[in-house]
Every structure is written in structure tokens, then in C-alpha cells.
Amino acid sequence: MNPEQIVEAALFASQTPLTARELARADDEIDVRRVREALAALREHYEADGRAFQVYQLGDGFQILTRPEFAPYLERFESVPRPPTLSRAALETLAIIAYRQPIGRIELEEIRGVASTSVLRTLQDWELIAVVGRGEGLGRPLLYGTTAHFLDHFALQSLADLPTSDDLSIGLARPEVEAEVEPAEAPAVEGSRR
């Protein structure tokens with residue numbers, strides 16, 4: 001067997017991402033460098049053949065996944081596993097934790113303006129967040145941060161891949177700036193009706 005076949009078999013059989021070091025354990029003749037070469041070759045072959053799947057890097061690991069453009073076809077099958085659907089409250093809480101970690105429950109609730117205990121518990125159950133330490137305040141509160149599963153769930157290699165405020169489509173304007181600007185009348189668009 002060549003390294004490419006061994007790496008492909010290990011990725012195909014695994015339900016979770018595998019690191020290059022873990023993949024190198026599959027055979028005594030394979031080291032991390034050869035694993036990375038095999039991963040690059042697999043990506044090239046899948047791309048050249050127009051396959052419906054690709055080798056994706058998720059966090060520190062690699063996994064064979066269906067390309068996103070095939071999602072509409074797979075949604076028709078109940079047997080295809082789906083990641084948990086996050087509620088608006090869960091997404092909001094997760095975003096705050098991702099950008100402000102480590103963060104305590106009290107600070108999180110001050111930002112959100114509502115109690116977050118049940119949402120935190122749900123996110124922990126789904127292994128998207130975990131307790132990463134204790135704060136210095138009264139009672140040494142638990143501090144939360146995202147997990148490797150969070151990176152996998154959102155197909156991120158690291159937290160550095162999170163969009164910046166400049167990348168977000170919603171402007172996060174400061175209230176004092178908004179007060180200084182007079183609202184302008186929307187320009188008429190040719191062919192539109194009022």
C-alpha cells in the first residue's frame with residue numbers, strides 16, 4: 001500500500017478529524033511529512049476528478065467531507081447526519097464566547113441582557129464550549145471558551161479565521177456617531193415605485 005491509500009483509508013473510516021501525527025501512526029513507513037504529501041495529493045486527485053468530496057482541514061486535523069455545494073441534495077435524506085441546529089440565543093452566546101474568551105457567565109449575561117445558564121449548558125452538552133479556567137473575582141467564577149469541536153463545527157482552522165468586525169455585513173456603529181449624523185433621504189432608484 002502507498003501512503004496516499006493508507007491516509008485515504010484512515011480518513012474515510014474516521015468520524016472525526018485526524019491530525020497528521022495521528023495519520024502517521026497508521027504505518028511504520030509513514031512520517032508526518034509523507035502524510036502531508038499524501039493529503040496534498042489526495043486533494044489534487046479529488047479536485048481533478050471533480051469528486052463530490054474533499055479533504056478539509058478542521059482545527060489541527062483533517063477529514064474527508066462532502067463539498068458544501070452538494071448540501072441541498074443531501075438534505076433530502078434522513079439518514080445523512082446533520083449537525084445540531086443552534087437557536088438564535090445559542091448562536092449569540094457562542095459568538096460572544098468566541099470573541100471574548102475566556103469569559104464568565106456574569107459578564108456574558110451583562111452583554112446579552114438575559115440569563116444564559118441553560119444556553120451555556122446546551123453549548124457544553126454539544127461540546128462547542130468548555131470551562132477553560134476560573135476568574136479572579138468573588139467566588140472564582142467559571143470561565144468559558146470554545147473547543148476544538150467548535151472549530152470543526154464551523155469548519156475553522158483556528159480562532160484567527162473568525163470574521164473581523166470589518167468582515168461582518170452588519171455594521172456595529174457606536175451610538176455617539178449615529179447621533180451626530182443626520183438621516184438622509186434615500187435616493188430614488190430608477191424604475192422603483194414609492
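Strands β2 and β3, the latter spanning residues 61–66, are joined by six bridges and run antiparallel to one another. In this predicted model, the two strands form a hairpin in which two residues lie between them, and Gly59, placed in the turn, has a positive phi of about 65°. Along the pairing of these strands, Leu58 has Gly61 in β3 as its bridge partner, while Gln54 is matched in β3 by Leu65.

The hairpin belongs to an open sheet of three strands, arranged in the order β1-β3-β2 with antiparallel pairing. Its edges are formed by β1 (18–19) and β2 (53–58), each of which pairs on one side only. In general, the strands of a sheet pair through backbone hydrogen bonds, and the pairing may be either parallel or antiparallel. Between β1 and β3 the antiparallel pairing extends over two bridges, and here the bridge partner of Thr19 in β3 is Gly61. Gly61 is thus named in the pairing with Thr19 of β1 as well as in the pairing with Leu58 of β2.

Two helices are placed against this sheet. Helix α1, made up of residues 3–13, lies across β1, β2 and β3, and runs at about 70° to β3. Helix α3, made up of residues 32–49, lies across β2 and β3, and its direction makes an angle of about 140° with β2. Strands β2 and β3 are therefore crossed by α1 and also by α3, the angles following from axes fitted to C-alpha atoms and taken between N-to-C directions.

Further along the chain, β6 (142–146) takes part in two pairings. With β5 (129–134), strand β6 runs antiparallel and is joined by five bridges; within this pairing, Arg134 has Leu142 in β6 as its bridge partner. With β4 (103–104), strand β6 is likewise antiparallel, the two being joined by two bridges, and Ile103 stands opposite Tyr144 of β6. Strand β6 is mostly covered, since four of its five residues are buried.

The loop between β6 and α8 contains Thr147, which counts as buried because its relative accessibility is 18%, a value under the 20% limit for that class. Outside the residues up to four places away in sequence, Thr147 touches Glu127, Leu128, Ile129 and Ala130. A polar atom of the Thr147 side chain also lies 3.3 Å from the backbone nitrogen of His149, a residue within α8 (148–153).

Several points of backbone geometry stand out in the loops. A cis peptide bond, with omega of about -5°, joins Gln101 and Pro102, and Pro102 is located in the loop between α5 (88–100) and β4. Arg140, although not a glycine, has a positive phi of about 45°; this residue is placed in the loop between β5 and β6, and it counts as partly exposed because its relative accessibility is 42%. Ala155, also not a glycine, has a positive phi of about 55° and is found in the loop between α8 and α9 (175–180). With a relative accessible area of 53%, Ala155 counts as exposed, that class being reserved for values over 50%.

Taken as a whole, the protein chain contains nine helices and six strands. Of its 194 residues, 28% count as buried, and the chain exposes about 13900 Å², of which carbon and sulfur atoms supply 52%. Among the contacts between residues at least 6 apart in sequence, 40% join residues that are at least 24 apart.

Definitions and conventions: Residues numbered from 1 in each chain as written. Predicted model: local features only at pLDDT ≥ 70, side-chain atom pairs only at ≥ 80, totals over all residues. Heavy atoms only, no water. Buried < 20%, exposed > 50% of the residue type's maximum accessible area, 1.4 Å probe, protein only. Contact = heavy atoms within 4.5 Å. Areas by Shrake-Rupley, 256 points an atom, 1.4 Å probe, with all protein chains shown as cover. Pairing = 2+ DSSP bridges. Axes fitted to C-alpha atoms, helices over the stretch in contact; angles between N-to-C directions. Polar contact = N/O pair within 3.5 Å; in protein donor to acceptor, adjacent residues only side chain to side chain.
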